[in-house]
Amino acid sequence: MKLKLSFLRYITLLVMAVLMAAVPSSFAAQATPGRPNVIILFADDLGWGDLGCYGHPAFKTPNLDRLAREGARLTNFYSTCPYCAPSRAALLTGRYQFRSGVTGNPAPDAGINDIGIPASEITLGEAFQSAGYRTCAIGKWHLGHKPEFYPTRHGFDEYLGILYSNDMRPVQLLDGEKVVEYPVVQATLTKRYTERALSFLERNKGKPFFLYVPGVMPHKPLAASEAFYKKSGAGLYGNAVAELDWSVGQILAKVKELGLDDQTLVFFSSDNGPWYGGSTGGLRGMKGNTWEGGIRVPLIARWPGKIPAGHISHEPAALIDLFVTSLTVAGLPVPKDRVIDGKDLFALFTSNSKSPHQALFSLQGPRLNTVRSGKWKLHVLPPGKPRTMQREEPWTDPRAPDGVTILAPYEQAHPSQYPGVLTGDETKEMSLFDLEADPAEQHDLAKQHPETVKQLKDLYDETQSQMPAPTTRKPKRNAG
């Protein structure tokens, strides 16, 4: 009997040793009881000015406003790209997207099927999962729709959502790796995503967890459930934002109900600036270009007892920083075998510390467009001209997807509802703006400050030298 038990113990230890050997040493720390949980709530195309706590006069966001009052709010927080997939790659890897190759949007209906998160990348899901955390992704993935790119192959124990944008065909809902609904009733997605998040929290309340909820709204086509439709008083966009805010409130309430408030760091942000109908909060541009309106997004962080209530930081930071910050607060090592562009932001949430970045960059596809350092921002490449039109009745989006998807096709935001500032000096290369004095980027100061232009261009060139040569292949479209 003793011999049999010894043999079983030997086999068990051998199996454990093999499993540990398969985990990269750069993040092989194990989860322990009391280790903090991390939740990232991530809106789709939510503008910097779309929340009450960021100044919107009509959209009602009481739960997100409360999140900001109870935690920290950053006012100069950036996506690394003005559209969907590249910004998600940057968030989940802590690296500018040119390092992973996800510089455009996968789009099955446009024949763009080969873009996706490489197996060589370490996602937040993989880092937490390898440390014994339970991991879950709920919502829009958009890091590849072929099986090898699925969230369940990149560190997430559970997944419920659509693999790309809700205006791309076919709109299919996956649970794990199985299609469970087609066509998708988009008006119910926010509600169902919320219910799944609550279920995950309930089932894992006694274990450390990482929950990533990249929601579907307010990306077009806008949709809201019956409980929110025509209830906000601010149109269909306002309805969608109100339901998004409700979802945040439900998740926060569940965390509190489970007694996990003091153990849980919650982030809320957006992948890029707003589409038509949203608000940049007085910034120039919108989703799709690298004006401030296309890349500056909200960031709220809450952790009772660790982050002081009502703290505000105006220091520049970016989505790439959530990777390092999340791992650091959990006591997990940041990978050492690759370039990690993100920094630990925690000091910005608790004090008047300065930005940990000498410079932050934004990309448009495979091109490095801008560099921000301190109060200065240099557009090395033109940020793009505004896309708008005069009001026409009726108007429906030509990209409307298939199936039972749009609750109110004639209430969708119209291209005349431009979300950002349209004025300002001419769009051109090497334009310089003082964002402290001129956040709407109205006055090009390049001629007055040639030395600053040179300093920022040198920082740009240093990062540009690390980028692979651009390919000749041009994606058919990048709206996502």
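The exercises below, each with a worked solution, concern a predicted model.

**Exercise 1. Overall make-up**

Determine how many helices and strands the protein has, and what share of its residues is buried.

Solution. Start with the secondary structure: there are ten helices and 15 strands. Next take burial: of the 480 residues in the protein, 60% are buried. Then turn to the surface, where about 18,900 Å² is exposed and carbon and sulfur atoms supply 56% of that area. Last come the contacts between residues at least 6 apart in sequence: 72% of them join residues at least 24 apart.

**Exercise 2. The sheet of β12, β13, β14 and β15**

Work out which strands stand at the edges of this open sheet, and which helix packs on the sheet.

Solution. Write down the strand order: the four strands run β12-β13-β14-β15, with antiparallel pairing. Now read off the ends: β12 (360–364) and β15 (431–434) each have a single partner strand, so one side of each has no neighbour in the sheet. The twist from one strand to the next averages 20°.

Then examine one pair. Strand β14, residues 376–379, joins β15 through four bridges in the antiparallel sense. L378 has L432 of β15 opposite it.

Finally, look for the packing helix. Helix α10 (residues 450–464) lies on the sheet and touches β12, β13 (367–373), β14 and β15. The direction of α10 makes about 130° with that of β13.

**Exercise 3. A lysine in helix α6**

Decide whether K254 is buried or exposed, and find the side chain with which its own side chain makes a polar contact.

Solution. Locate the residue: K254 belongs to helix α6, which spans residues 235–257. Apply the cut-off: a residue counts as buried under 20% relative accessible area. K254 has a relative accessible area of 14%, so K254 is buried. Next list its neighbours, leaving out residues up to four places away in sequence: K254 touches L198, L201 and E202. Of these, E202 offers its side chain for a polar contact with the side chain of K254, at 3.1 Å.

**Exercise 4. The cover of helix α2**

Identify the buried residues of helix α2 and name elements that cover them.

Solution. Begin with the helix, which comprises residues 62–70. Its buried residues are N63, L64, D65, L67 and A68. Then find what lies over them: the cover includes the strands β2 (72–78), β8 (264–270) and β9 (296–302), together with helix α6. Helix α6 is also where K254 of the previous exercise is found.

Key:
Residues are numbered from 1 along each chain as its sequence is written. This is a predicted model: local features need pLDDT of at least 70, side-chain atom pairs count only at pLDDT 80 or more; totals for chains, interfaces and linings use all residues. Side-chain values use heavy atoms; hydrogens and water are left out. Two strands pair if DSSP finds at least two bridges between them. Helices (H or I, at least four residues) and strands (E, at least two) are DSSP runs, numbered from the N terminus. Axes are lines fitted to C-alpha atoms, for helices over the stretch in contact, and angles run from 0 to 180 degrees between N-to-C directions. Contact means heavy atoms within 4.5 Å. Buried means under 20% relative accessible area, exposed over 50%, partly exposed in between (1.4 Å probe, protein chains only). Accessible areas come from the Shrake-Rupley method with a 1.4 Å probe; for residues, only the protein chains shown count as cover. A polar contact is a pair of N or O atoms within 3.5 Å; within protein, one must be able to donate a hydrogen and the other to accept it, and residues adjacent in sequence count only if both atoms are side-chain atoms.
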